[in-house]
Amino acid sequence: DSFAARGTDVSVRWTTDLKDAAGSDIVVILSGVPRKAGQDRLDLALENARIVAPIAETIGRVAPDTKIFVVTNPVDVMTSVALRYSRLKPNQVFGLGTHLDSMRLKSLIAQYFHVHVSEVHTRIIGEHGDSLVPLWSATSIGGIKISNLPEFAHLPVNDFIKSVKCSGHEIIKNKGSTVYGPGEAIATLVRTVLSDENRILTVSAYIHKQVHSIGDVCIGVPARVNRDGVFPIT
């Protein structure tokens, strides 16, 4: 009904057999135990790893040319699990990472400076969780570095970061689950891959030791995203 209202001409099918993923351009993994109010994302790690691992192994076997996009929390850990068990190349496996966190910060900055969100460019890197890191040095409004704006001295930085960190928890506490924000973020990344857009987005990707000797992990970093997968810009 929704497709008809939007004038969207697509065919939707359902299956419970992962083998039907053969030939897929991209596979999105959202399976897992949802976070409850008061829970930390890391509390889900062991239980969700048991779910993600066999899915990734099967996808890697039946669709070796696909891209695996992980949304299941804790997303950085689950991206690492999917990469390990799928046996795909690092550029073929990525996670939602701090893309949604970056969008949340972008919205807060736009509201504060009374500008359209398209004028704000900012990034959050690191863990999709309490240790996330905002890149103020890479933040600009209308092409002007944010630190060059007089209002930056009064920016409630700590409040903004607290809001970004607690957004998911607050939404879950008040309505049971996060839906619209993650949905838009997921759709954006899928479209970026399928349309070969070569956008630079902050996603959970595998890095060696490019960032201050930190490596051999999947973590939120700026990456070029296209039909071949993700390629960290570090």
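A residue is called buried here when its relative accessible area is under 20%. Keep that cut-off in mind as you move through this predicted model.

**Stop 1: helix H4**

Select residues 99-113, which make up helix H4. The buried residues on this helix are His 99, Leu 100, Asp 101, Ser 102, Arg 104, Leu 105, Leu 108, Ile 109, Ala 110 and Phe 113. Now check the length: the end C-alpha atoms of H4 are 21 Å apart, which agrees with the 21 Å that its 15 residues should span at 1.5 Å a residue. Step just past the end of H4 to His 114, where phi is positive, at about 55°.

**Stop 2: helix H5**

Next, select residues 157-175 to bring up helix H5, with 19 residues. From first C-alpha to last, H5 reaches 27 Å, close to the 27 Å expected at 1.5 Å a residue. Where does H5 bend? Centre on Cys 166, and you will find a bend of about 50° there.

Show the side chains of Phe 160, Ile 161, Val 164, Ser 167, Gly 168 and Ile 172, which are buried in H5. What do the buried residues of H5 pack against? Their partners are helix H4, which you have just visited, along with strand E5 (124-125) and strand E6 (133-134). Leaving H5, you come to Gly 176, which has a positive phi near 95°.

**Stop 3: helix H2**

Move to residues 45-62 for helix H2, which has 18 residues. Its first and last C-alpha atoms are 25 Å apart, close to the 26 Å expected at 1.5 Å a residue. Colour the buried residues of H2: Ala 45, Asn 48, Ala 49, Val 52, Ala 53, Ile 55, Ala 56, Thr 58, Ile 59, Gly 60 and Val 62. These buried residues pack against strand E1 (26-29), strand E2 (67-70) and helix H3 (75-86).

Stay on H2 and select Glu 57 and Arg 61, whose side chains meet in a salt bridge with an N to O distance of 3.2 Å. The two residues are four apart in H2, so about one helical turn separates them. Glu 57 is partly exposed, with a relative accessible area of 33%.

**Stop 4: a second salt bridge**

How many salt bridges does the model have? The count comes to two. For the other pair, select Asp 25 and Arg 227, where the closest N and O atoms are 3.2 Å apart. This pair links distant parts of the chain, 202 residues apart. Asp 25 sits in the loop between H1 and E1, while Arg 227 is in the loop between strand E10 (217-226) and strand E11 (229-232). Both ends are partly exposed: Asp 25 has a relative accessible area of 42%, and Arg 227 has 34%.

**Stop 5: a nonpolar patch**

Switch to a surface view and pick Phe 3, Val 10 and Val 12. Together they form a nonpolar patch on the surface, with about 280 Å² of accessible area. Val 12 belongs to the loop between helix H1 (2-6) and E1. Is Val 12 buried or exposed? Its relative accessibility is 62%, so Val 12 counts as exposed.

**Stop 6: Gln 92 and its neighbours**

Go to Gln 92, in the loop between H3 and strand E3 (93-95). Gln 92 has 9% relative accessibility and therefore counts as buried. Leaving aside residues up to four places away in sequence, Gln 92 touches Pro 64, Asp 65, Thr 66, Lys 67 and Ile 68. Try a distance label between the C-alpha atoms of Gln 92 and Lys 67: they are separated by 4.6 Å, although the residues are 25 apart along the chain.

**Stop 7: backbone details**

Most residues other than glycine have a negative phi, and most peptide bonds are trans. With that in mind, look at the peptide bond from Asn 73 to Pro 74, which is cis with omega near -5°. Pro 74 lies in the loop between E2 and H3.

Finish in the loop between helix H6 (180-194) and strand E9 (199-207), where you will find Asp 196. Asp 196 is not a glycine, yet its phi is positive, about 55°. Its relative accessible area is 39%, so Asp 196 is partly exposed. Asn 198 is in the loop between H6 and E9, and this non-glycine residue also has a positive phi of about 55°. At 38% relative accessibility, Asn 198 counts as partly exposed.

Methods: Residues are numbered from 1 along each chain as its sequence is written. This is a predicted model: local features need pLDDT of at least 70, side-chain atom pairs count only at pLDDT 80 or more; totals for chains, interfaces and linings use all residues. Side-chain values use heavy atoms; hydrogens and water are left out. The expected span of a helix is 1.5 Å times one less than its number of residues. The bend at a residue is the angle between axes fitted to the seven residues ending there and the seven starting there. Buried means under 20% relative accessible area, exposed over 50%, partly exposed in between (1.4 Å probe, protein chains only). Contact means heavy atoms within 4.5 Å. Patches are made of residues with over 30% relative accessible area and no salt bridge: like charges are joined within 9 Å, nonpolar side chains (Val, Leu, Ile, Met, Phe, Trp, Tyr) within 5 Å. Accessible areas come from the Shrake-Rupley method with a 1.4 Å probe; for residues, only the protein chains shown count as cover. A salt bridge is a side-chain nitrogen of Lys or Arg within 4 Å of a carboxyl oxygen of Asp or Glu.
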